[in-house]
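Visitor: I would like a close look at a single part of this structure. Please pick one residue and walk me through its surroundings.

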Amino acid sequence: MSRCTLVWLVLVCFALAQTPVFDEPVTIDAGGVPINVGPGGNASPFVVDWDGDGRQDLLLGQYSGGRVRFYQNVGSNFEPVFEGFSYLQADGSDISVSYG
């Protein structure tokens, strides 16, 4: 099979693939209030068992300042409950990642 034919087959497969369908966005509460990451309003969520207790916690990258928020899940994996947040730290200082 020639390289041109292979490229053509790959492109046809991508063209025939179904477009993904996403649900409507939802707000996530912490302490009964919708989470707001501040100016810019952009967040990069990541769900992981950060503290090793078996429940999926929420990490949010914050556009302003590049800090990372940690929301501990005090509920369950199927019905998560988040209260307040703390910033992730290393050696006593807030971790800051590139932003903007």
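Guide: What follows centres on Arg69 and then moves out to the strands around the residue. The model is predicted. Arg69 is found in strand β5, which covers residues 68–71. This arginine is buried, yet has no salt bridge. How far away is the nearest side chain of opposite charge? That side chain belongs to Asp94, and the distance is 9.8 Å. A salt bridge would need a side-chain nitrogen within 4 Å of a carboxyl oxygen, so Asp94 does not supply one. What the Arg69 side chain does reach is a backbone oxygen, that of Asn36, at 3.2 Å.

Now the contacts. Leaving aside residues up to four places away in sequence, Arg69 touches Ile35, Asn36 and Val37, among others. Its contacts also include Leu58, Leu59, Leu60 and Gln62, as well as Phe85, Ser86 and Tyr87.

Take Val37 from that list. Val37 sits in the loop between β2 (33–34) and β3 (43–48). Its relative accessible area is 6%, so Val37 counts as buried. Val37 and Tyr63 lie 26 residues apart in sequence, but their C-alpha atoms are 7.8 Å apart in space.

Next, the sheet. Strand β5 belongs to an open sheet of 4 strands, ordered β3-β4-β5-β6, with antiparallel pairing. β3 and β6 (86–87) stand at the edges with a single partner strand each, so one side of each has no neighbour in the sheet. The partner of β3 is β4 (residues 57–62), and the two pair over 6 bridges. In β4, Gln62 is the bridge partner of Ala43. Gln62 is also one of the residues that Arg69 touches.

How values were computed. Residues are numbered from 1 along each chain as its sequence is written. This is a predicted model: local features need pLDDT of at least 70, side-chain atom pairs count only at pLDDT 80 or more; totals for chains, interfaces and linings use all residues. Side-chain values use heavy atoms; hydrogens and water are left out. Buried means under 20% relative accessible area, exposed over 50%, partly exposed in between (1.4 Å probe, protein chains only). Lys and Arg count as positive and Asp and Glu as negative; His and the chain ends are not counted. A polar contact is a pair of N or O atoms within 3.5 Å; within protein, one must be able to donate a hydrogen and the other to accept it, and residues adjacent in sequence count only if both atoms are side-chain atoms. Contact means heavy atoms within 4.5 Å. Two strands pair if DSSP finds at least two bridges between them.
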